[in-house]
Each structure stands twice: as structure tokens, then as C-alpha cells.
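Hello,

Here is the structure I promised to pass on. Please open it first, then read my notes below.

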Amino acid sequence: MISLFWMPPSSISVSVNSKTLKCSYNSSNMMMGEKSERSKVPHVLTVAGSDSGAGAGIQADMKVCGALGVYCSTVITAVTAQNTVGVQGVHLVPDGFVYEQLRSVLSDMKVNVVKTGMLPSTDIIRVLCRSLREYPVQALVVDPVMISTSGDVLASPTILDALRQELLPMSEIVTPNLKEASALVGGEPLETIADMRAAAKSIHRLGPRYVLIKGGHLETAGSVIDILYDGETYHEIQGPRVETRNTHGTGCSLASCIAAELAKGAQMLPAVVASKRFVEKALESSREFFIGNGPQGPFNHFFKLIDTETSPAKRRFKPNDLLLYAVTDSGMNKKWGRSISEAVRAAIEGGATIIQLREKEAETKDILNAAEECLKVARSYGVPLLINDHLDVALACNADGVHLGQSDMPVKVARALLGPNKIIGASCKTPEQALKAWKEGADYIGSGGVYPTNTKKNNQTIALSGLQSVCESSPLPVVAIGGINIENVNELMEMHLPNLKGVAVVSCLFDGENISHEAHKLHSVLAKYV
């Protein structure tokens with residue numbers, strides 16, 4: 001089996017439930033003899049080298065975990081002298097002291113996932129394997145660091161046998177790049193997707209449950225394809241190629257992100273998808289990030305704190321957000337017995353790039369409650385959430401914006417109330433309506449119904465010809481809506497209409513049992529036209 005996914009934009013994260021628990025104290029000490037429950041803190045232990053330039057290694061791992069709300073402890077295997085130019089020196093930590101660090105952390109702290117990076121000797125690998133047998137953890141994520149992104153050799157090839165024979169059989173997932181995967185399978189270069197699949201299958205035979213081969217160095221026009229293999233299915237996970245000098249530490253960061261997502265309770269495929277999206281967003285936000293004078297700088301792990309693209313208060317619209325536009329339907333959610341937030345999460349994990357909360361019948365307070373729940377989910381993935389019609393709700397919950405119909409509040413009034421940084425979409429059936437929306441400050445046009453639909457009563461169909469008229473005359477990006485599904489989306493996208501950036505869907509996602517699966521299918525088709 002082969003499944004193809006485009007990265008859900010931007011970014012895929014999974015929440016962990018915690019509860020407030022009571023503890024009894026005697027003065028400053030907890031009363032002895034009473035077993036206290038503690039709120040669960042997701043915990044990743046990274047076993048890797050120290051990077052003095054802080055772009056990769058232990059430092060990158062800690063930054064990733066911190067950005068994702070996961071506690072990160074460390075065991076240092078080597079101390080490197082490196083910067084944006086390259087690696088100037090490596091000092092190995094004695095294996096006995098590595099074991100002492102491992103025992104200190106694993107014997108005292110509840111570690112969910114161990115992530116490995118630079119393991120520069122066979123003795124250190126054996127010490128790690130022994131420690132994991134003594135103190136088992138939920139999962140082991142192996143980033144087989146042999147060659148850095150910049151091309152520096154960070155570990156001797158003599159560790160390959162120890163990796164193959166001892167560490168990989170214990171791992172949940174191994175995440176080699178093309179050169180590392182080639183080394184693991186005997187040195188044959190990987191030059192095609194078929195080569196990546198074959199290598200993934202060979203590495204899987206060594207014992208890991210999952211193999212993720214990263215295709216960043218493969219020459220694919222405008223995109224990056226990674227292969228995730230579980231022994232049965234090859235998942236081709238595709239995302240945009242981000243042009244930036246700041247790529248130092250991408251491998252460390254991706255593996256750490258996977259470890260963090262697993263520690264929070266995610267399944268493997270959503271964890272990998274969310275992690276790839278995280279790295280993408282970090283790279284995108286680092287184009288103007290200048291540290292060091294060498295050819296490869298570090299990227300911005302904390303983009304969510306300072307980047308206007310993802311700041312809830314300042315997020316601005318990007319046309320590519322329209323690729324897979326999911327519009328919720330409360331009736332369908334009731335039919336299938338799920339909450340609105342569960343539906344939104346599933347849609348995003350499947351590849352939805354923007355969410356519109358559409359609640360026509362509910363009371364305002366109920367819409368606000370639903371919006372707040374959904375906004376938490378959407379924000380955790382970096383996906384914008386808009387409110388249909390209800391400007392008051394959008395203001396109250398600080399949503400990313402609103403979508404307005406022709407009978408709703410005028411766009412110019414909404415813009416005056418929301419300010420310049422919120423997203424406003426407008427439904428338009430004609431070029432004249434689209435031009436007016438643009439003049440009044442809309443960010444995008446929703447045009448349809450393209451095909452007949454049951455989700456909106458008395459909705460006039462404009463057909464493909466009407467959509468073409470709007471797209472050709474609109475100064476704004478356009479998302480097509482109305483009766484679109486997996487059967488007709490190719491017909492629509494093959495027209496290659498100017499300004500058409502994606503499709504908005506309701507029934508084909510939400511009127512079924514598996515929202516995420518349907519979103520995956522639709523997204524894989526849309527990705528071909530990006």
C-alpha cells in the first residue's frame with residue numbers, strides 16, 4: 001500500500017489531559033504515608049552531543065521540546081566546538097560517565113520517550129542499550145547522526161554495526177537522511193523515491209517499528225518528500241521546499257519533535273506529520289534570521305513566540321491557507337456522535353489548512369463555547385480558524401477572522417471593527433461582488449456553489465463557468481465551494497484557474513466516520529496542483 005499526504009499546513013500536535021490533584025502537607029513537607037497523584041508532564045530524554053553554536057544537538061532538542069510544552073532532560077555524549085561555518089572539534093564523553101548520566105535521569109524521573117542523536121562510539125551505544133533494558137521507556141526515537149546537514153562527519157562508520165545490531169532493534173522509529181540511510185543499507189546511493197522505499201524496507205528488517213527516510217537532499221521540484229514505512233504501508237509525506245540558509249539542525253529538530261509528540265500521546269503518523277510541519281514553519285520564519293557568518297545558520301525554534309505569521313493577535317492571511325478549507329457542520333457531527341472540537345482536530349490532522357466554524361442554528365453563547373474549544377485545537381497546530389457570520393463571537397474569542405455572506409455585515413464595517421490583522425473572507429457569485437469585497441478590505445473570496453449541494457438551502461449554482469468568471473476578474477485569491485468532493489475535485493483543479501488557491505468542503509469531510517482519512521485523500525489530490 002502507498003498513501004500520499006501533503007503536509008497539513010502547516011504543522012500536526014496532540015493534547016494531553018491533566019487534572020488538578022490534592023496533596024496533603026505538614027508544614028513545608030508532604031505528609032508521609034499518603035500516596036499523592038501528580039499531573040502528568042510529558043518528558044523526553046535526549047541522548048546526544050552538545051553543539052556550542054546551539055543550532056543542533058542537545059541545544060536544538062531542548063528548544064524543540066520547550067516550544068512544544070514538553071519537559072526535556074539531557075545526557076551528553078560528546079562536546080563539540082562548532083558554529084555556522086562547521087565543526088572545529090569533538091570531545092567524547094567517557095562511556096562510564098554517559099552511563100552515570102543515564103542512570104541519574106532514568107532512575108529518578110518518569111521519562112516517556114528517549115531520543116538519540118550523536119552516539120560517537122560503540123561503547124556509548126552499548127551503555128545506552130543496557131540502560132534502556134534496566135529502565136524501559138514508552139518509545140525510543142533514533143536519529144542516526146553520522147553526517148551533519150552541513151556535511152561534517154560527526155561519528156565514525158564503525159558504529160554502524162552497533163546501530164544495526166543493538167540499537168535499531170530496540171527503537172520505535174529511526175529517522176535517517178539520504179546519506180545516513182545509504183550507510184545503513186551498505187552504501188548504495190539513494191537517488192529516487194523508489195530507492196528511498198527500498199532502503200526503508202531494508203532498514204525496517206533491522207528491527208525498528210517505523211522507518212522515516214528524509215528526502216530533503218533529493219532533487220524534487222519545489223517540494224520535499226519523506227517516506228514513512230511501518231512494515232506494510234509506505235506513506236509519502238510531501239511538503240514545500242523552504243529556501244533559506246538557516247537549515248542547521250533540521251534533522252535533530254525533526255526527531256525531537258517526533259519524540260515530543262509521542263510523549264504527549266500521539267500516534268506515529270500524526271506525530272511525524274505534525275513534526276514535519278513544525279520544522280517547515282520554523283524554516284519559513286527563519287528567512288530573515290541571521291546568526292553567524294557561515295553558509296548554514298540555525299533556525300528559529302521559537303517562531304510561535306515572535307513570528308507574526310502565527311501570533312494569534314497578529315496572524316496575517318496567506319493565500320496557501322485556502323488549499324483545503326474545512327467548513328464545519330453541527331448536524332453532521334451529531335449524526336456521527338462527535339464533538340465539534342474532535343471534528344476540527346481530525347480535519348486538521350488529515351490536512352485541512354484552514355477551518356471555518358459554521359453554526360447556523362445554535363445560540364450565541366453555545367457558538368462562543370464551541371469557538372473557544374476549536375480555537376485551542378487550531379492554535380495548537382498553527383492553523384487559522386474563522387467564524388462564519390458571527391463577528392461578535394470572533395471578537396469575543398479572538399479568532400483569526402470571519403467569513404461573511406452577501407446578506408451579512410458589509411466587509412468594510414467588519415474590517416473597521418476587526419482591524420487590519422484579522423482575516424476576512426467574503427462569499428461572492430459574480431465578478432462585481434468580488435471587486436466590491438476587495439475594495440472594502442476582504443482577504444479572499446469564497447465562490448460557489450460550483451456544484452449542487454445539500455448543505456445550503458436555496459443556494460444558486462454558478463457552475464464551473466461562473467467560478468471561472470470570478471477567478472479571472474478577482475484581485476483576491478479565491479477558494480471554490482459547493483458540492484466539491486474527491487470525485488470532481490480533479491475536474492475543477494485541472495482548469496488551472498487564475499487566483500484559485502483551493503477548495504472549501506463540508507460533506508465530503510464531515511459526513512462520514514473517518515474525517516482524517518477523507519481529508520488525507522482530498523489533500524493528496526490538491527497537492528498535485530500546488
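How many disulfides does the count come to? Zero. Keep in mind that this is a predicted model. A disulfide is a covalent bond between the sulfur atoms of two cysteines. The count asks for a pair of cysteine sulfur atoms within 2.5 Å, and by this rule there are zero disulfides.

Two cysteines are worth a look anyway. Cys252 has 13% relative accessibility. Cys428 has 1%. Buried means under 20% relative accessible area, so Cys252 counts as buried, and Cys428 counts as buried too.

Next, the barrel. Eight strands close into it. Their order is 13-14-15-16-17-18-19-20, and the pairing is parallel. From one strand to the next, the twist averages 25°.

One pair from that barrel order shows the detail. Strand 17 covers residues 423–427, and strand 18 covers residues 444–448. They pair in the parallel sense over three bridges. Look for Ser427: its bridge partner is Gly446, in strand 18.

Last, the surface. Leu395, Met409, Val413 and Leu417 form a nonpolar patch there. Together they have about 320 Å² of accessible area. Take Leu417 as one of the four. Leu417 sits in helix 14, which spans residues 411–418. Is Leu417 buried, exposed or partly exposed? Its relative accessible area is 48%. Exposed means over 50% and buried means under 20%, so Leu417 is partly exposed.

That is the handover. Send me any questions.

Best wishes

Notes: Residues are numbered from 1 along each chain as its sequence is written. This is a predicted model: local features need pLDDT of at least 70, side-chain atom pairs count only at pLDDT 80 or more; totals for chains, interfaces and linings use all residues. Side-chain values use heavy atoms; hydrogens and water are left out. Buried means under 20% relative accessible area, exposed over 50%, partly exposed in between (1.4 Å probe, protein chains only). Patches are made of residues with over 30% relative accessible area and no salt bridge: like charges are joined within 9 Å, nonpolar side chains (Val, Leu, Ile, Met, Phe, Trp, Tyr) within 5 Å. Accessible areas come from the Shrake-Rupley method with a 1.4 Å probe; for residues, only the protein chains shown count as cover. A salt bridge is a side-chain nitrogen of Lys or Arg within 4 Å of a carboxyl oxygen of Asp or Glu. Helices (H or I, at least four residues) and strands (E, at least two) are DSSP runs, numbered from the N terminus. Two strands pair if DSSP finds at least two bridges between them. Axes are lines fitted to C-alpha atoms, for helices over the stretch in contact, and angles run from 0 to 180 degrees between N-to-C directions.
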